[in-house]
Structures are given as C-alpha cells and as structure tokens.
Amino acid sequence: MDPKSAGTEKPLPLMEGTTAAFYGHCRNRELRFQRCTGCGRWRHVPRLCCSHCGSWDWEWARSSGRGKVFTWTVVARPMHPAFAGDAPYAPAIIELEEGVRMVSWVVDCPPEELATGMPVAVIFEDVTDEVTLPRFRRA
Amino acid sequence: MNALEGRACIVGIGDTPYLRESDGPGGRSLALELRASEAAIRDAGLRNRDIDGILPFYGLSIAEDLAVNLGVDDLRYQATSHVGGAGPGASLANAAMAVGSGMASYVLIPGGWYGFSGRRVRQIVVQDPSAMSGGANARDFYFPFGLTAPVQWFSFIARLHMDRYGTRPEQLGAVAVAQRKHARRNPGALMRDKPLSLESYLAAPVIADPYRLFDCSLEADGGAAFVVTTLERARDLRAQPVRLLGSAQGQPFPADDIVTREDVFELGLTRATARAFRMAGIGHDDVDFAEIYDPFSFQVIQQLEEMGFCKRGEGGAFVEGGRIEPGGALPVNTHGGLLSEAHILGMNHFVEAVRQLRGEAGERQVKNADIGIVTGFGDFGDGSIAILGR
C-alpha cells in the first residue's frame, strides 16, 4: 500500500458469509436481522447459533426499520484519517423496534440535536458499487 | 482455604524507562520485553535459565521468542489469555496455578510495546482493523460508521452513565487530576513535571464526547515484567515476596460486542470481584490502595462501581473530594496509571503494586500498605482482579 494514500478510503465490511448477507439485504433496501426459528429471538451481530436456546436454525427476518437513538458519541478528532472530513460526526447506537441494537449514523441531524429516545427510521446509502450502508433519519 | 491462597507470590519485578519520543525505534516489542524480563529475573535473584514458564501478553512476542533469547532451555509451561489488558492479571492467576501444581517452578510474565514510536492505534485501525477489539464484528459493523477506536466505543458507555446517573465532566476530570497528582510523585511517570488542574482538564479539546484529551491514556514505549513462584521457594530468594491472596476473571456478555448487552454497564469485574474477595477472605475496607486499569477516565469510575466500592451511579461522587488522591482513603493508580505514568498494557500496575507492598515507592508510598488490588480491563470489558498482600 502506498503510505501516502493509506487510510484515505473509508473502511468497508469484508463481504463474506453472514456479513455479505446482511449488507446484501441493505443493497435491496431491506434491513434484515437474524431471527432464531427455535425461540423467535432477534439478534445482531450475526451469530452461528442462538445463545438463548441453542438452535442452529434462523432466518433473515425483515425489520420495520423503525427505532430510537439509544446513545451516541460525537467524534471531534477521528482516529481513522478517512473520516477527517466528516468530523465532528456522531456514531450512534440505534435500538430497533425488534429489540436489536446496531451502530449507525443519524443523517440530516446535527450532533447537538441528537437525543436519547429520538425516533428514527432507516434509509440506505450506496457507498460503493458493492456496499450499501444502513443509516437513519429522524422519524 | 483454596488452591491459590498464600501459595503463589511475585518475587521479582522489572521495567524499562517509559518514553514518548517520536524518534524511538518502533518495530517489534521483543527488545523491551527482554529488557524488562532480565530486570525482573535479576530482581528476584534468579538466573535466566531458572525460568521454566513464560506467559506472554496476547499479540506481542510469543514464549519461544523470549525463551531463545534468555537461554531458557527447559521451557515447561506457556500460555496466553486472549483478554487484552486483562491479560497480566489472568496470567498471574495462571502462573499461580502452574507453580502451585508443580507444572512450573518460576514463571515469567512479560509485556511491553513501542506504543508511541511503533504502530499507534490510529495506524492499526487503517492497516489491520480486525486486530482491534471485537475483531471481524467491529470491522464489519462498527468501522464502516467511523467507530474505529476504543476512545469512541467507551465514550458511549460514559455518556450513558452521565445520562442515567447525572455523572458530570468534572467527575471524570477528578480521576485525571487525581492520577496526575500521583504521577507528580513518581520519577518514572511521563507526566511527572506537568501539573494538571481541573480547569485545564475542562479546557482541553474533546476527542470523542464526553472524552477530552486528558481522559485518554498515554501511548508510550516501554516494557515491564514480573516473576511468580511459590512461597516456599521464595524463602530462598532475596526479595520480600508479595502474595497473591485472591484472583478472579470474568467477561461481560456478549464479550465481543459492546452495543447489544442487556446491561450496558456490565464488566468482567461485575461478577469476578466477589469471587476474588471471597478467595482472599477480605472486604473492601481492607484494601489500602487500588491500581485500576485506566484506558480512559470513566473506566476507573465504572470499575470502582462494578467492584462494589460504591453503588452503581455513585462512582462520580466517589472519586471527588480527594478520596482517590495521594493520602486519600483509597489511593487509586499511585504511579499515575495509564493516564499519567504510561500505557504499558497494565503491566506497570503490577510493578507499582509490588513496589507499594514492599515499601519501595518512595515519596508516593502509601502508609501501612498491606493489601492492594490490581485490575485488568481488556477489549470490550474483559476483566481480571488480583488481590495482593505482603
């Protein structure tokens, strides 16, 4: 890697296995999480089997895409150079209606307007030809 | 009684100077680990080849790297715990079991890194994302959203605590200021000559809200090591042994994802601490000082709460008013900790605890130090606790 260009690209998920499946659904404008078909529990991040009931059977169940802001941070000094132009930006934990939580951004919302419990809904952003990230907007 | 009680002890400590010099050598950590190991073995009054067990820190040099250089030609036992900064405490328990069972006689626990002149966190996150806590999960589900470093994901937890319990920035600052006061009494601390007031703390730039500059530990070059054996063998050695009275480890669930936990404040220490105290047969009031793994200021408050020194939500008030400062009721990080001495992977916390219990801590010596605790904190909250006594 050319040291001068190192880090100018934003990090992307490694598109294999359940990660590829998760982001593949995002590419189709669907937010889907694993749901155990043994006990019905939703889960994220993807797992091989259910930590609650032990079942290896699961489906990619579609989320309503609605949730609320659980908490967030405001990154003033990015630790990854590719995000330098975004600072200050606010990675947030979103809690979906189905109970799972995930990391994302609330777009169109300045960091100082974020609030715990703020209702949000998913949108999708194609960041490369292959990768679509789920983001959120105030609902 | 239990298998560990009184039977294992630390008989040698060693360290290198702790430095932040941009023209430092960088590269692999082995030279620092070896220098610290040699010092610890000498401190114990042993020869290199007396060592027959080596328990390295995860991700650094492996046991045979150390053995071949030290001339350890009969390495009988080696192991590494994959718990990040909880590793030294986990390895101490492992060493105690090894010497107690006869698997090994003298166990070396080394650690060190070029954390300043070598690869720093901001380089690792670009070059090798899955080497960070959380591994592939963080790479795939945190990094794309700019959540790439510990200062960011731990700031989530600090904010939740502030929202839920009213913890204030001044209380995070009380940790940074107290540890700086300790460091000012420690000739080996990087911040020895730099006083820190609460006003300066509050005026410093935000890194990841609510964390400001002085909430963050000091990436540094340096190594530290210690040697463990049985109390019986220690009688023939020159140094006063420091005994391992109680020990425990734990992990929050799930350990590899910090955002989905049912109880967001849970740490490995939440359940481990009572086990360690029970093993040692002591209570919180018996603890004379605490060396608490401090990647960021709030993690000190959180660990004090989860260990039961105060109730959850009361940690902010607990650290105010001088309680954790020099001369306070519970001095915390008497060397300055990762915040103000140097980030030497928590290995320096053990070196400091031993110095305190030997009465060799100079102007920062805690009076009548009989019992001290050392915590480890790794990855997304893996925990270890060691209760040490003289």
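**Exercise 1: a buried arginine**

A:Arg101 lies in strand S7 (residues 101-105) of chain A (strands are DSSP E runs of at least two residues, helices H or I runs of at least four, numbered from the N terminus). Work out whether A:Arg101 is buried or exposed, and what its side chain reaches.

*Solution.* This is a predicted model, with local features needing pLDDT of at least 70 and side-chain atom pairs 80 or more, while totals use all residues. Residues count from 1 along each chain, chains are lettered from A and ligands numbered from 1 as written, and side-chain values use heavy atoms, without hydrogens or water.

Step 1. The relative accessible area of A:Arg101 is 9%, so the residue is buried (under 20%; exposed is over 50%, partly exposed in between, 1.4 Å probe, protein chains only).

Step 2. Within chain A, its side chain has a polar contact with the side chain of A:Glu95 at 2.8 Å (N or O atoms within 3.5 Å, a possible donor with a possible acceptor).

Step 3. Now look at chain B: the side chain of A:Arg101 also reaches the backbone oxygen of B:Val259, at 2.9 Å.

Step 4. Setting aside neighbours within four places in sequence, its contacts (heavy atoms within 4.5 Å) include A:His44, A:Phe70 and A:Ile93 from chain A, and B:Thr260, B:Arg261, B:Glu262 and B:Val264 from chain B.

**Exercise 2: chain A as a whole**

Summarise the make-up of chain A, its box and its burial.

*Solution.* Step 1. Chain A has one helix and nine strands, and the helix comes before the strands when read from the N terminus.

Step 2. Along the principal axes, its C-alpha atoms fill a box of roughly 50 × 40 × 25 Å.

Step 3. The chain has 139 residues, of which 47% count as buried. Of its contacts between residues at least 6 apart in sequence, 52% join residues at least 24 apart.

**Exercise 3: the nonpolar cores**

Which residues have the most contacts inside the largest nonpolar core?

*Solution.* Step 1. The largest core (buried Ala, Val, Leu, Ile, Met, Phe, Trp, Tyr and Cys joined through side-chain atoms within 4.5 Å) has 105 residues. The residues with the most contacts inside it are A:Phe22, A:Leu31, A:Ile94, B:Tyr142, B:Val151, B:Phe309 and B:Ile387.

Step 2. Helix H6 (residues 150-165) of chain B gives the most to this core, eight residues.

Step 3. Take B:Val151 as a case: leaving aside neighbours within four places, its contacts include A:Met79 in chain A, and B:Ile207, B:Tyr211 and B:Phe296 in chain B.

Step 4. Another core lies apart, with 37 residues, including B:Phe57, B:Val99, B:Leu244 and B:Ala353.

**Exercise 4: helix H2 of chain B**

Find which residues of H2(B) are buried and what they pack against.

*Solution.* Step 1. In helix H2 (residues 63-70) of chain B, the buried residues are B:Ala63, B:Asp65, B:Leu66, B:Ala67 and B:Leu70.

Step 2. In chain B, these pack against helix H1 (30-44) and strands S2 (53-54), S3 (77-78) and S4 (107-114).

Step 3. On the H1(B) side of the contact sit B:Leu30, B:Glu33, B:Leu34, B:Ser37, B:Glu38 and B:Ile41; H2(B) brings B:Asp65, B:Leu66, B:Asn69 and B:Leu70.

Step 4. Just past the end of H2(B), B:Gly71 adopts a positive phi of about 80°.
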